[in-house]
Amino acid sequence: MTRPTQLTIDKKALQHNLQRVRDFAPQSHVVAMVKANAYGHGIAETVSAFADTDAFGVCCIEEADVIRQHSRSARVVLMEGVFTTAELSHASKASYDIIVHHQQQIDMLEKSNLVKPLRVWLKVNSGMHRLGIAPESFAESLARLKACANVQPDIILMTHFADADEPEKPTTNQQIQVFNTLSAEHTFAKSLANSAAILSRPDTHVDWVRPGIMLYGISPFANKIGRDFDLMPVMHFHSELIAIQSCKKGDAIAYGGRWVCPEDMLIGVVAVGYGDGYPRHAKDGTPVLVKGKPTQLVGRVSMDLLTVDLRNIAEPKIGDTVTLWGNDLPIEQVAIGADTIAYELTCTLTPRVPRIVIG
Ligand SMILES: *Cc1c(COP(=O)(O)O)cnc(C)c1O
């Protein structure tokens with residue numbers, strides 16, 4: 001018998017979601033963010049589905065090289081830039097765009113002797129205080145890049161939002177103001193928007209948008225799901241019931257006995273656990289579907305197994321399909337049950353789970 005746990009990745013849904021980005025930001029070029037193995041969806045499948053994006057965004061050079069194997073001409077942006085001068089020459093040879101977010105990266109560019117000048121995105125810290133040149137150093141940094149022979153003249157100016165998924169906060173407006181003040185006098189292309197800003201702030205779309213989570217059909221807003229924006233879920237996570245226990249009132253379920261049966265009832269045992277990437281911190285009550293019918297996780301998630309309440313499932317039997325997330329069970333709702341965000345759920349799936357690509 002083959003363990004029934006599997007992921008289905010829907011390439012048609014990826015393509016649909018990229019089209020939704022184009023619908024929301026029709027005037028903008030698109031950097032499709034495929035870092036972290038395309039948010040856990042598989043970088044190779046995702047890159048082939050996004051043949052008509054304008055560029056790909058990755059975290060590091062190893063991820064960029066995976067894209068290069070599939071496409072010799074794709075434009076690829078290294079979102080953390082380069083870490084060493086060796087990486088800088090590698091990026092130049094492979095024609096990767098680099099983000100420059102720190103003075104030391106400018107020093108490296110000035111000291112190197114590259115085969116080809118690079119395209120550079122200058123990142124400004126407009127208020128997130130993670131990566132980015134301080135506003136006070138922006139003018140000097142830009143002047144150095146303009147004068148550097150290793151930098152192509154079409155520099156792109158960019159920043160990243162800390163709170164775009166919480167539109168009621170004032171932070172995004174403040175960040176836009178800082179960025180606009182610095183960039184206003186320059187004719188360089190500009191880039192601000194992640195998924196949340198693509199969906200909620202048309203004023204930030206400008207030349208380049210940088211969608212990530214929405215490409216995977218997932219809402220960046222905690223109180224919404226992808227379908228609210230006509231996005232289609234890309235990842236479908238299924239397993240099956242592999243055992244059914246007839247329990248008595250008072251029986252404690254799984255490690256630690258966190259959940260106790262309130263009456264005589266059936267408990268379903270599902271072949272999935274944190275060893276597959278299902279979150280161990282999922283609480284009792286986290287939604288699960290058995291044969292497409294809603295029920296709940298009960299008891300602590302184990303490495304290879306989890307347990308579900310079968311009280312409202314008619315005639316359950318071994319081999320019944322269990323949906324962990326995907327069609328009919330939005331991953332955003334599972335994320336709430338696990339006190340996390342859907343980004344983390346898709347990124348932390350493990351290689352043990354077999355993947356099927358459809359579409
Ligand atoms: C990951 C990332 C994005 C995409 O963010 P989402 O919330 O997934 O849309 C955009 N810009 C930068 C700089 C990123 O690192």
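In this predicted model, helix 6 passes helix 7 in a left-handed crossing. Helix 6 spans residues 103-111 and helix 7 spans residues 138-147. Their axes come within 10 Å and cross at roughly 20°. Angles under 35 degrees count as roughly parallel. Helix 6 and helix 7 are therefore roughly parallel to each other. On the side of helix 6, the contact involves Gln103, Ile106, Asp107, Leu109 and Glu110. These residues meet Ser141, Arg144 and Leu145 of helix 7. By class, the contact between helix 6 and helix 7 comprises three nonpolar, two polar and three charged residues.

A second helix pair is formed by helix 4, residues 61-70, and helix 5, residues 85-94. Here the packing angle is about 20°, and the axes lie 12 Å apart. Helix 4 and helix 5 are therefore also roughly parallel to each other. The crossing of helix 4 past helix 5 is left-handed. Helix 4 contributes Ile61, Asp65 and Arg68 to the contact. Helix 5 contributes Glu87, His90, Ala91 and Ala94. The residues of this contact divide into three nonpolar, one polar and three charged.

The ligand has 13 residues around it. Of these, Lys35, Tyr39, Ser195, Ile213 and Tyr343 come nearest. Polar atoms of Lys35, Ile213 and Tyr343 were then examined against the oxygen atoms of the ligand. For Lys35, a polar side-chain atom lies 2.6 Å from an oxygen atom of the ligand. Tyr343 also approaches through its side chain, with an N or O atom 2.7 Å from a ligand oxygen atom. For Ile213, the atom is a backbone N or O, which lies 2.8 Å from an oxygen atom of the ligand. Thus the side chains of Lys35 and Tyr343 and the backbone of Ile213 each place a polar atom within 3.5 Å of a ligand oxygen, the cut-off for a polar contact.

Conventions. Residues numbered from 1 in each chain as written. Predicted model: local features only at pLDDT ≥ 70, side-chain atom pairs only at ≥ 80, totals over all residues. Heavy atoms only, no water. Axes fitted to C-alpha atoms, helices over the stretch in contact; angles between N-to-C directions. Helix = DSSP H or I, 4+ residues; strand = E, 2+ residues; numbered from the N terminus. Parallel < 35°, antiparallel > 145°, perpendicular 65-115°, else oblique. Left-handed = near helix turned anticlockwise from the far one by under 90°. Contact = heavy atoms within 4.5 Å. Nonpolar A, V, L, I, M, F, W, Y, C, P; charged D, E, K, R; others polar. Near = heavy atom within 4 Å. Polar contact = N/O pair within 3.5 Å; in protein donor to acceptor, adjacent residues only side chain to side chain.
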